[in-house]
Amino acid sequence: MIKKLALTVLIAAFPHVNAFAETPSDGMWSNIKNTLSSTWDADSYELYLPVNTWHNRHYYSQEKIDGYNEQPWGMGIGKYRYDEDGDWHGIYAMAFADSHSKIQPVAGYAFQKMWYPSNNIRLGAGYTLGLTLREDFNYMPLPVIAPLASVEYKQLALQSTYIFGGKGNGNILFTWIKWQVN
């Protein structure tokens, strides 16, 4: 059951991998490995500067919101590449002050389908998969599967993800500035 669930998540998370017709063996795993290896081997780096954590006011009381940190001071670094279709792939690590002002590290892989309205402007939509550690969960590794969007101008981007949840948890828009160093 767990293997089927993990396989389903991987297939859903990598829609650009053309392996649906194959058995879950060499073809799909080879494509995933090649995607991750190509991104890791890229010579292009980017820096991340978290700028805002917005708690959706529909899911939190004003009392809770008043007690939360929405200034996620921190920093991150990543490696990135654009594939033959012009889509962005990134492997990253970031640490920032969470909603309770505790350090929260996160690391993972991200993909964005890119659109190019002009030479200098790019729009992206995709997803991120990774792991995070939170103090309120005793720093036990927690999976991250979240949507990702960006507006980019030359080497600078505003990138965001939305962490879904329920009443009083999750439902957070997390935004950072991304600067492509080279």
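Which residue takes a positive phi in the hairpin of E2 and E3? The legends below take up this question along with other close-up views of a predicted model.

**Figure 1. Overview of the secondary structure of the predicted protein model.** The protein contains three helices and eight strands. Read from the N terminus, the order of these elements is α-α-β-α-β-β-β-β-β-β-β. The protein has 182 residues, and 42% of them count as buried. Among contacts with a separation of 6 or more, 51% join residues that lie 24 or more positions apart. The accessible surface amounts to about 10,600 Å², and carbon and sulfur atoms account for 64% of that surface.

**Figure 2. The hairpin of strands E2 and E3.** Strand E2 covers residues 74-82 and pairs with E3 in the antiparallel sense, over nine bridges. Within this pairing, Gly74 is placed opposite Phe96 of E3. Five residues lie between the two strands, and Gly86 is the residue that takes a positive phi in this hairpin, near 85 degrees.

**Figure 3. Strand E3 and its pairing with strand E4.** Strand E3 spans residues 88-97; eight of its 10 residues are buried, so the strand is largely enclosed by the rest of the structure. A residue counts as buried when its relative accessible area is under 20%. E3 also pairs with strand E4, residues 103-115, in the antiparallel sense over 10 bridges. One bridge joins Trp88 to Gln112 in E4. The hairpin of E3 and E4 has five residues between the strands, and here Ser101 takes a positive phi near 65 degrees.

**Figure 4. The largest nonpolar core.** This core comprises 14 residues, and those with the most contacts inside it are Trp88, Met94, Val106 and Trp176. At least two of its residues come from each of E3, E4, strand E6 (141-153) and strand E8 (172-180). E3 gives the largest share, with four residues. The surroundings of Val106 can be followed residue by residue: leaving aside residues up to four places away in sequence, Val106 touches Tyr92, Ala93, Met94, Phe96, Leu131, Thr132 and Val144. Another core, of five residues, lies apart from the largest one and includes Tyr109, Phe111, Tyr127 and Leu129.

**Figure 5. A nonpolar patch on the surface.** Tyr45, Leu47, Ile77, Leu156, Trp179 and Val181 together make a nonpolar surface patch of about 520 Å². Leu47 belongs to strand E1, residues 44-55. The relative accessibility of Leu47 is 32%; this residue therefore counts as partly exposed, since that class lies between the limits of 20% and 50%.

**Figure 6. Two loop residues with positive phi, Tyr139 and Lys154.** Most residues other than glycine have a negative phi. Tyr139 is not a glycine, yet its phi is positive, near 55 degrees. This residue is located in the loop between strand E5 (121-133) and E6. With a relative accessible area of 38%, Tyr139 is partly exposed. Lys154, also not a glycine, has a positive phi of about 50 degrees. Lys154 is located in the loop between E6 and strand E7 (156-163). Its relative accessibility is 43%, so Lys154 counts as partly exposed.

Definitions and conventions: Residues are numbered from 1 along each chain as its sequence is written. This is a predicted model: local features need pLDDT of at least 70, side-chain atom pairs count only at pLDDT 80 or more; totals for chains, interfaces and linings use all residues. Side-chain values use heavy atoms; hydrogens and water are left out. Buried means under 20% relative accessible area, exposed over 50%, partly exposed in between (1.4 Å probe, protein chains only). Contact means heavy atoms within 4.5 Å. Accessible areas come from the Shrake-Rupley method with a 1.4 Å probe; for residues, only the protein chains shown count as cover. Two strands pair if DSSP finds at least two bridges between them. A nonpolar core is a set of buried Ala, Val, Leu, Ile, Met, Phe, Trp, Tyr and Cys residues joined through side-chain atoms within 4.5 Å. Patches are made of residues with over 30% relative accessible area and no salt bridge: like charges are joined within 9 Å, nonpolar side chains (Val, Leu, Ile, Met, Phe, Trp, Tyr) within 5 Å. A salt bridge is a side-chain nitrogen of Lys or Arg within 4 Å of a carboxyl oxygen of Asp or Glu.
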